[in-house]
Amino acid sequence: MSDHDTICALATAIGGAIAVIRLSGSEAIQVAERVWQGERRLAEAPARQLLLGRLLGSEGEGIDPQCLAVRMPGPNSYTGEDVVELQCHGGALVARLALQALLRQGARHAEPGEFTRRAFLHGKIDLTQAEAVADLIAANSQAAVKLADRQLRGLLGQRISAVDEQLTAILAEIESHLDFPEEDLDWQPPSALASTLVELGRELELLLATRADGEVLRGGISLVIAGPPNVGKSSLLNAILHRDRAIVSEIPGTTRDTIEEMAHIRGIPIRLMDTAGIREGGDIIEQAGISRAREHLLAADLVLWVMDASQPYAGQAWPEWPIRGKVIPVANKRDKMTGAAMAGLPASAPAPVYVCALDGGGLEELYTAVEQQVWSNPWAAENEVAVAARHAASLEIAVNDLAAAAPLAASEEWELAAVHLRSAIHECGQITGRTADPDLLGMIFARFCIGK
């Protein structure tokens, strides 16, 4: 495999009405002309203009009598190379025959993410923007789409690059101290250099603080609905999903296995799980479900502990298990309450959110409670950027390096300060791709789909 090969791949899902096949490389136009024929040659046609022609096999046999073709010459293309897209009729067979014809004419099948990798290698995008392409494809909420869009427009890369440029300038000045110690050059005061390093460290700390929000937007959270039997857990699941996903019955122990669904609450991607009612007793199957419910509770990011608002608090309370997530007490069946709510609820207990899963009463209050527990601040969903785990790992190193470099610069310990600055600059480059090594690039682009 070479970055100079002409590559091709199907850019649309198999089975749709239209199949789009993408080619990129120095021979993309020539290879495409060997399998596509129109009234005029593709190489002579205006750039970025769709042309109608027919698609032929390697032996000249017809594949598709009506196939559109468009050429996008480099460097003004997605990859920075000559790009051709063929838009033929969909279905698995036509697309497969078209790909086979292109491969026989000298193209190579693209690796996962290779088109976007070439865009990065040719300077069309930085590494944060390349990652945003994958984030956009994998987005499962509107908030995640907005985040990917902002990153794809370069907002994260620009902030990192701005810090990188200032650090590089400071390093150049520090190295001039080392190279020309006897000269009286126009140097900044050491205290000014140290102050700038502190400010740049704070900028990186602000980016690092968005890590938790980035993880939520990209991967979502696991939210487990748990509680005693017959308190309305399955009804609450159905209410959140707006459909009858789980069987609802007055018989305790109806839910015996975990039900998992994707949902969205106030733009937050949620892996929603309904679990078996937790109680002592029950048959072997129910006990297996209870055991599985306990496992999910221990691993959950957030737990809705559901109770019956019409029944006494005693016997329904959260059992204080050592879970890593947060717990929101939910008092369901508020429509059946008579007299004091949750009789016996101690003043020291967390106030539950009162809901009625059957008519949707109180759900907005519940969603607000979930939102407050998830976001680190009320504006997290609208953050300009939110870094991923890979970015955060490099940011943490860079922040520590700048914290160490600032006092060293102030005391004119130039050589030691330079060591930390070089490390911080390297970590910034790891984020944008300026100093990224081939192994890192391979790891990032391996998670892309073929054809992107």
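This section describes the strand pairing, one helix packing and the nonpolar cores of a predicted model.

An open sheet with mixed pairing is built from 7 strands, arranged in the order E3-E4-E5-E6-E2-E1-E7. Strand E3 (36-38) and strand E7 (108-109) occupy the edges and have a single partner strand each, so one side of each remains without a neighbour in the sheet. For E3, that partner is strand E4 (residues 51-56), to which E3 is joined in the antiparallel sense by 3 bridges, with Gly38 standing opposite Gly53 in E4. Helix H3 (residues 114-121) lies across strand E1 (7-10), strand E2 (18-24) and E7, and runs at about 135° to E1.

Further along the chain, strand E10 (residues 268-274) has 6 of its 7 residues buried, and is therefore largely enclosed by the rest of the structure. E10 pairs with strand E8 (residues 221-226) in the parallel sense over 5 bridges, where Ile221 has Ile270 as its bridge partner. With strand E9 (residues 259-265), E10 pairs in the antiparallel sense over 7 bridges, including the one between Glu260 and Met273. E9 and E10 form a hairpin with 2 residues between them, and Arg266 in the turn has a positive phi of about 50°.

The largest nonpolar core holds 35 residues, of which Ile225, Leu236, Leu272, Leu304, Ile328 and Leu366 touch the most other members. Helix H11 (residues 363-374) supplies the largest share of this core, with 6 residues. Residues up to four places away in sequence being left aside, Ile328 touches Leu302, Val303, Leu304, Trp305, Val353, Leu366, Ala369, Val370 and Gln373. A second, separate core comprises 32 residues, among them Leu207, Ala392, Ala409 and Trp414.

Notes. Residues numbered from 1 in each chain as written. Predicted model: local features only at pLDDT ≥ 70, side-chain atom pairs only at ≥ 80, totals over all residues. Heavy atoms only, no water. Pairing = 2+ DSSP bridges. Helix = DSSP H or I, 4+ residues; strand = E, 2+ residues; numbered from the N terminus. Contact = heavy atoms within 4.5 Å. Axes fitted to C-alpha atoms, helices over the stretch in contact; angles between N-to-C directions. Core = buried A, V, L, I, M, F, W, Y, C linked by side-chain atoms within 4.5 Å. Buried < 20%, exposed > 50% of the residue type's maximum accessible area, 1.4 Å probe, protein only.
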